[in-house]
Amino acid sequence: MDSLKDKTAKGLFWGGMNTLAMQFVGLLFGILLGRLLSPDDFGLVAMITIFTLVATALQNSGFITAIANLKSPTSRDYNSVFWFNIIVGGALYVVLFLSAPLIARYYHKPELTSLSRYAFLSILFASLSTAQSAYLFKNLMVKQRAKSGFVAVIVSNVVGAVMAWRGMAYWSIATQPIVFNMVNATLFWHYSPWRPTLHIDFGPVRSMFRFSCKLLATTLLTHVNNNVLNILLGRYYTAHDTGNYNQAYQWDTKCLSVVQGMVDSVAQPVMVDLRDQPVRQLEALRKLVRFTSFLSFPLLLGFGLVAREFIVLAITEKWLASAELIQILCLAGAVTPLCSLLSSLIVSKGLSGLYLRCTLGLSLLQILTMVTIWPLGIRVMVAVYTFINIMWLFVWHFFVRRLIGYRLRLFLLDVLPFALAALAVMTAVHFATQAIAELWLLLLVRIVLAAVLYYAVMRVAGAKILEESMAFIRTKLGRNA
């Protein structure tokens, strides 16, 4: 039987392999779609993305996390969640289908009526796998979740690329989440040994709802907060402007997801297992914070360093406006996995209400600020949005400190060495490579030089997290050899 430490290490490994593989696939097909499609195509789909996200959150209702927070969930718990999601998913699709003309009217885009009704089909397929996903998540079956997600990403991106190549414009983008949810649901059923019964009993759902409803509200606020710029840009600016911002947001998200997907796959289950051991829980959290900082800051700041060269070479100069926005968003992206990690600790304590209030504060501040400053232009909006998200990291920490005594001095000791090292390396590389005129050579030199310098700094500084990571990788490679 694997220890919790072994399960955590394996979870991080497979979570990392999954996110790296998925983001690599996303990189390839993102480049292809960026070349085949226009900013207007991406902008139209970006306008309705928030509705799919909100509907999916309503359908899940926080039950995956709620089940993970149970010590020993039963088949009755899973069955209750399964039927609840099927019923709610179907009802939400009907509501959104009928609301499609109103959505089109809000954005002044008649074509959104048919596009919305088609894109919202993904909600129905997502509802089929919530209970299976909860089972795999609760049992730290990260490898199985990774395989499912990877295959789903491959299939959905191939379908989307073929449709874009055939000239189907924004329909190709809308098809991807539909195919992804179909394939992902099928594979979750394959890997999960649990099966539903025809006995419908909403008793467990009702008992979990007091906890999960707060997670649901938090998820809804997070989606609105993350997409507030898409909503406002779609309303007050053009589809072209919305598409440029959405492209920048998607690339930033792809990059930060490499780290966040790895950490999220293990953080909450591990924190729940150590809930009754506060000293070990703090030690585990600090180690995860150092690991996250070790990866997140060089990855996101490095992406900001090469954003212009990458965008021009990968998806051509028609997306150049996105590169400037990426450089700003990457600053917030560097701390986003840390915010997620600290919030996981709060949820593991069963304090979904605190999680909700903290997220509500962030969302209200973001929304009110964006609504106020939108006439100042897109770059100002993105810069202020980024600043608020960075500052909110310390709000999350404030509550974590009160819960487990994670003092600010310790937190800064765990984060700042990696943040400052990454910033110093990227700054040095930027000035050292300014004279290179060829974009492809500049991109290559900056990536290689930044990676080598950051590794050298970590080695000279004797970063323990580097030694542990390298030792684990060598062990995995040795076993697979």
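This section describes two helix pairs and one buried aspartate in a predicted model.

Two packed helices are described by the angle between their axes and the distance between the axes. In the first pair, helix H7, which spans residues 130-138, packs against helix H9, which spans residues 170-191, at an angle of about 55 degrees and with the two axes 9 Å apart. The two helices H7 and H9 are therefore oblique to each other, and the crossing in which H7 passes H9 is left-handed. On the side of H7 the contact is made by Gln-132, Ser-133 and Leu-136, whereas H9 contributes Phe-188, Trp-189 and Tyr-191. Classified by residue type, this contact of H7 with H9 comprises four nonpolar and two polar residues, with no charged residue taking part.

The burial of H7 was examined along the helix. Nine of the nine residues of H7 are buried, and the helix is accordingly described as mostly covered. The buried set includes Gln-132, Ser-133 and Leu-136, the three residues through which H7 makes its contact with H9. Also buried in H7 are Thr-130, Ala-131, Ala-134, Tyr-135, Phe-137 and Lys-138.

In the second pair, helix H16 (residues 378-404) packs with H17 at an angle of about 130 degrees, the axes lying 10 Å apart. This arrangement makes H16 oblique to H17, given that an angle has to exceed 145 degrees to count as roughly antiparallel. H16 passes H17 in a right-handed crossing, and the residues that meet are Leu-393, Phe-394, His-397 and Arg-401 of H16 with Leu-408, Phe-411 and Leu-412 of H17. By class, the contact of H16 with H17 consists of five nonpolar residues, one polar residue and one charged residue.

Helix H17, which covers residues 408-432, also holds Asp-414. Asp-414 has a relative accessible area of 2% and is therefore buried, the cut-off for burial being under 20%. A polar contact of 3.3 Å joins the side chain of Asp-414 to the side chain of Arg-290. When neighbours within four places in sequence are left aside, the residues in contact with Asp-414 are Arg-286, Val-289, Arg-290, Ser-293 and Tyr-406. Arg-290 thus appears both among the contacts of Asp-414 and as its partner in the polar contact between side chains.

Methods: Residues are numbered from 1 along each chain as its sequence is written. This is a predicted model: local features need pLDDT of at least 70, side-chain atom pairs count only at pLDDT 80 or more; totals for chains, interfaces and linings use all residues. Side-chain values use heavy atoms; hydrogens and water are left out. Axes are lines fitted to C-alpha atoms, for helices over the stretch in contact, and angles run from 0 to 180 degrees between N-to-C directions. Helices (H or I, at least four residues) and strands (E, at least two) are DSSP runs, numbered from the N terminus. Angles under 35 degrees count as roughly parallel, over 145 as roughly antiparallel, 65 to 115 as roughly perpendicular and the rest as oblique. A crossing is left-handed if the near helix is turned anticlockwise from the far one by less than a right angle, and right-handed if clockwise. Contact means heavy atoms within 4.5 Å. Ala, Val, Leu, Ile, Met, Phe, Trp, Tyr, Cys and Pro count as nonpolar, Asp, Glu, Lys and Arg as charged, and the others, Gly among them, as polar. Buried means under 20% relative accessible area, exposed over 50%, partly exposed in between (1.4 Å probe, protein chains only). A polar contact is a pair of N or O atoms within 3.5 Å; within protein, one must be able to donate a hydrogen and the other to accept it, and residues adjacent in sequence count only if both atoms are side-chain atoms.
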